[in-house]
Amino acid sequence: MALSDSRLNALLAYCKLTELADDPEVQTLIPVFYDAAVGYMSDAGVSPPLPGTAREAQYDLCVNYLVLDGWEHRDLAVGAVSDNPAFRRRLNQMKLTEA
């Protein structure tokens, strides 16, 4: 799934990185985290929804969460990792509604 300019802008806004859009680290890592997030969703059994469907917003929120998590923990070598219950519930709901 290609990262469009509008999707990139939405991710930057979600991650509160809009002012840093020209930063080389942001330009390099956000697309990588996006590809990883889409891959994670696919590996979890959730396919990308059709545009304009009710599932699209839920899918985008899950991907946004994963991108932000990757960004916030990009320098983390070792540490306690905790699961976000809101994300887990949303991911489980996406799996249950997979067509």
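**Salt bridges and helix packing in a predicted model**

Colleague: Is Lys16 buried or exposed?

Modeller: The relative accessible area of Lys16 is 70%. Buried denotes under 20% relative accessible area, exposed over 50%, and partly exposed the range in between, with a 1.4 Å probe and protein chains only. Lys16 is therefore classed as exposed.

Colleague: On what basis are residues numbered and features accepted?

Modeller: Residues are numbered from 1 along each chain as its sequence is written, and side-chain values use heavy atoms, with hydrogens and water left out. This is a predicted model, in which local features need pLDDT of at least 70, side-chain atom pairs count only at pLDDT 80 or more, and totals for chains, interfaces and linings use all residues.

Colleague: Which sign does phi have at Lys16, and what is its approximate value?

Modeller: Lys16 is found in the loop between H1 and H2; helices (H or I, at least four residues) and strands (E, at least two) are DSSP runs, numbered from the N terminus. Although Lys16 is not a glycine, its phi is positive, at about 55°.

Colleague: How many salt bridges does the model contain?

Modeller: Side chains of opposite charge can pair when their charged atoms come close. The criterion for a salt bridge is a side-chain nitrogen of Lys or Arg within 4 Å of a carboxyl oxygen of Asp or Glu. Applied to this model, the rule gives a count of 2.

Colleague: Which residue forms a salt bridge with Arg7?

Modeller: The N to O distance in this salt bridge of Arg7 is 3.7 Å, and the other side chain is that of Asp60. Because Arg7 lies in helix H1 (residues 5–14) and Asp60 in helix H3 (residues 54–72), the pair ties together parts 53 residues apart in sequence. Arg7 is buried at 12% relative accessible area, whereas its partner is partly exposed at 23%. The residue asked for is Asp60.

Colleague: Which residues does Arg7 touch beyond four places in sequence?

Modeller: Asp60 also contributes its backbone oxygen, 3.3 Å from a polar atom of the Arg7 side chain. Contact is defined as heavy atoms within 4.5 Å. By this measure, and without residues up to four places away, Arg7 touches Tyr34, Asp60, Val63 and Asn64.

Colleague: What separates the closest N and O atoms of Glu25 and Arg74?

Modeller: Glu25 and Arg74 form a salt bridge with 3.1 Å between these atoms. The pair links distant parts of the chain, 49 residues apart: Glu25 in helix H2 (residues 24–43) and Arg74 in the loop between H3 and helix H4 (85–96). Glu25 has a relative accessible area of 34% and Arg74 one of 31%, both residues being partly exposed. The separation of the closest N and O atoms is 3.1 Å.

Colleague: At roughly what angle do the axes of H2 and H3 cross?

Modeller: Axes are lines fitted to C-alpha atoms, for helices over the stretch in contact, and angles run from 0 to 180 degrees between N-to-C directions. H2 and H3 are oblique to each other, a class for angles left over once those under 35 degrees (roughly parallel), over 145 (roughly antiparallel) and 65 to 115 (roughly perpendicular) are assigned. Residues of H2 including Leu29, Phe33 and Ala37 meet residues of H3 including Cys62, Leu66 and Gly70. The axes come within 8 Å and cross at roughly 130°.

Colleague: Which handedness does the crossing of H3 and H4 have?

Modeller: The axes of H3 and H4 come within 10 Å and cross at roughly 140°, which means that H3 is oblique to H4. A crossing is left-handed if the near helix is turned anticlockwise from the far one by less than a right angle, and right-handed if clockwise. For H3 passing H4, the crossing is left-handed.

Colleague: How far apart are the C-alpha atoms of Tyr59 and Met94?

Modeller: Tyr59 lies in helix H3 and is buried, with a relative accessible area of 2%. Tyr59 and Met94 are 35 residues apart along the chain, and their C-alpha atoms are separated by 7.3 Å.

Colleague: With which side chain does the side chain of Arg55 make a polar contact?

Modeller: Arg55, in helix H3, is buried at 17% relative accessibility. A polar contact is a pair of N or O atoms within 3.5 Å; within protein, one must be able to donate a hydrogen and the other to accept it, and residues adjacent in sequence count only if both atoms are side-chain atoms. At 3.0 Å, the partner of the Arg55 side chain is Thr97.
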